[in-house]
There are 4 protein chains.
Amino acid sequence: MAKQRFAPGADEHVLDCAARLFRERGFEATTVRDIARTVGMLPGSLHYRYPTKGALLLALMRRGLALDLAAVDAAIAGAVDPVERLRLALRAHLRFLVSRDSTSVVLFEWRSIEPEAHAEMVRLRDEYDAHWARLIADAHAAGRLGAHVDLKMLRLMIFGAANWVSMWYSPGGPRTSDEIADAFWEYLSAGVLTSAAR
Amino acid sequence: MAKQRFAPGADEHVLDCAARLFRERGFEATTVRDIARTVGMLPGSLHYRYPTKGALLLALMRRGLALDLAAVDAAIAGAVDPVERLRLALRAHLRFLVSRDSTSVVLFEWRSIEPEAHAEMVRLRDEYDAHWARLIADAHAAGRLGAHVDLKMLRLMIFGAANWVSMWYSPGGPRTSDEIADAFWEYLSAGVLTSAAR
Amino acid sequence: MAKQRFAPGADEHVLDCAARLFRERGFEATTVRDIARTVGMLPGSLHYRYPTKGALLLALMRRGLALDLAAVDAAIAGAVDPVERLRLALRAHLRFLVSRDSTSVVLFEWRSIEPEAHAEMVRLRDEYDAHWARLIADAHAAGRLGAHVDLKMLRLMIFGAANWVSMWYSPGGPRTSDEIADAFWEYLSAGVLTSAAR
Amino acid sequence: MAKQRFAPGADEHVLDCAARLFRERGFEATTVRDIARTVGMLPGSLHYRYPTKGALLLALMRRGLALDLAAVDAAIAGAVDPVERLRLALRAHLRFLVSRDSTSVVLFEWRSIEPEAHAEMVRLRDEYDAHWARLIADAHAAGRLGAHVDLKMLRLMIFGAANWVSMWYSPGGPRTSDEIADAFWEYLSAGVLTSAAR
DNA sequence: CATGAATGAGTGTTCATTCAT
DNA sequence: GATGAATGAACACTCATTCAT
């Protein structure tokens, strides 16, 4: 009930604008004035909602992680097969990554988090990672991954390939995020490479 | 011996120090004074060699890309089989990535390049990408990749997985860069996932 | 009353202080810190009003030229006789020159104007010159100057003699600006020199 | 015999280059590197001849004042009539002013002289002024100026009109310095203005 | 709640000067 | 004499933050 002068959803707007700028220019290269101007506020007013620039980044990252997890959860809700759940999760993550700026900020502005908040962010990120680790572990438990696969290594590989998409994806490009996810999935499923030894 | 004149290789030292700081803190968050102190110079002296902070970044990136390419070339020089060449290239790239800071800077400070230098860096990076594209195309031409694999998508997937390593690798960790490369390689060769449809 | 908000007319104060320092030390030799200290502000606060040192100089010059013209116009408003008008204008210009620093800055810091503003300042100065040229042309049209006087040369001579006063005038000196103007006037009216040929 | 590696006249060259730059950009805005480059030396080498930038300015001014006086003396050497001598002096001064940069520097960089050298420069300038004062006093003593002319005021007027020429003169302009001197002279001799009262 | 003028520590950069060679 | 790499104090300017209104 407290924050009511501001239109509902206004905080969202602030975070969205900040996310866009942080992603485009980087946290350090974005000024509070830039954000305020983009939001349509004055620099002093922004400080009522987010006392410091760092607080904005934190709020952004918290929301980003939570929303990404929620999107993934929603996407896999109806599926039972653990490998299918993993596939849908990858699709959902990529869709979220390319449609929202906050995930990229979470991924690439890790360094800009102020020391006091580091512990919290590590915890949030661990939770996030654990979510994915669980999806992979389920597939493994169901005997659907190679027997001696290093689950953590596999997770980091998938995660890396997926996150890197935010570096080159462009909305007008030839492939949707779903198509990209499916291509990656295919290469991992079938095995793209034929080793010399075989 | 006192107040040593700049030793040969001193420029290397400057670039190495700058690379480390840029990687640890980011380009924007690193001050010229930080770099100078780390190198063991005074701010004014640094400017004598690199007129601006941006020039330092550019020199760093140019060297980083060139050395990475050279390392990859050296690693694959003896191999003939195109898939083996690709595997060795991946190993070499990862080895370089985790042992030198400059590649990470190239990958993650793209935004900090000043507009005037953008064209040059795009060209250098295109050359770099083309090198990898060629390795993959060779494997494809030899019939060693799945027939309808999207070569660009595969390249971006491998590249993403590999580059992401710089985000989580720590020198004292349980796996060497070669082991990481081999694990990734294995998942791509054999196909880790067993799809539901099968 | 404490920590007074900027009083109206504060910009005037800033310009006056800057003008004094620019006149005493020159534009280049005056630091922004000097100005801020003299005004009673901090360097950052000064930049809030004038984004750059050059902008301060421009504002100063614009105001200086406008005020000088206004002072001259006010002084000649009541007079009809064109020669009398010229005499009053000279008096007013000299009075302004010695009582305000900005005219001296306009005269002697021409070189410090940044290239982008050059055109505007040339225009303003041309207008200023045209004003004087008109006064002289009126006297000439009334047949009150020697028939074959070069009007431009006469203007530059009067202007030079007048402006040079800012180089040696000191407020506590034996003559007021009006007395100086009258002396110059007399030498030009009567002809001080008796040529050898006569 | 001491300074002989350097070609004779080299000091002249240094001073000429410095004078040109000081005049064009101002003393403060001219860097030692600018001067060194223009002269064709390296910054360190310039310091062998002139230990500081201020020393260069002083040398420049000393030479400038001496040469101007010498030029004036040479010009009036043959004339006896005191008014004619004054006319020739004005011509010579203007000729020197527009053909050499050093006089302008003497006139307009007064503020940049370092405090320790102030006394010397005041003395030199007083000598210079006295020279002109003498020329005028001679004309007065010969009864060739109006009886109650203020000699100092007249000197300052002539000097101001003359020195201001360096502000607007351009070598390709429609009038030579002699023509300008003669025009000024005429206006002072004949009296250009016809006062209303007459 | 909101404003925006004011703050001041800190930034990248400049440049007269020094000095080992 | 001459060099030019190195120095470091000083510069103009930035910008997250504060706070009286």
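Okay, let's start with the symmetry: chain D lands on chain C after a rotation of 179 degrees and 0.1 Å of shift along the axis, at an RMSD of 0.2 Å. For that fit, copies are superposed by least squares on the C-alpha atoms of residues with pLDDT of at least 70 in both. So these two copies are related as by a two-fold rotation axis. And 100% of the interface residues of chain D are also interface residues in chain C, so the copies meet through the same surface.

Quick housekeeping. This is a predicted model, where local features need pLDDT of at least 70 and side-chain atom pairs count only at pLDDT 80 or more, while totals for chains, interfaces and linings use all residues. Residues are numbered from 1 along each chain as its sequence is written, chains are lettered from A and ligands numbered from 1 in the order in which they are written, and side-chain values use heavy atoms, with hydrogens and water left out.

Now, chain A on its own. You get nine helices and zero strands (DSSP runs, H or I of at least four residues for helices, E of at least two for strands, numbered from the N terminus). The C-alpha trace spans about 65 × 35 × 30 Å along its principal axes. Out of 198 residues in chain A, 49% are buried, meaning under 20% relative accessible area with a 1.4 Å probe, protein chains only.

Who touches whom? Contact here is heavy atoms within 4.5 Å. Chains A and C don't touch, with their nearest C-alpha atoms 13 Å apart. Chains B and C have no contact either, and there the closest C-alpha atoms are 20 Å apart.

Chains A and B, on the other hand, do meet: 49 residues of chain B contact 49 residues of chain A. The buried area between them is about 4,300 Å², with 66% from carbon and sulfur atoms; that's accessible area lost on putting the two parts together, 1.4 Å probe, summed over both.

How many salt bridges are there between chain B and chain A? Four, counting a side-chain nitrogen of Lys or Arg within 4 Å of a carboxyl oxygen of Asp or Glu. One to click on is Arg175(B) with Asp150(A), at 2.5 Å, N to O. On chain B's side, the elements giving two or more residues are helix 1 (10-25), helix 5 (82-99), helix 6 (102-108), helix 8 (151-168) and helix 9 (177-191). Helix 8 of chain B gives the most, with 11 residues.

Technical notes:
Buried < 20%, exposed > 50% of the residue type's maximum accessible area, 1.4 Å probe, protein only.
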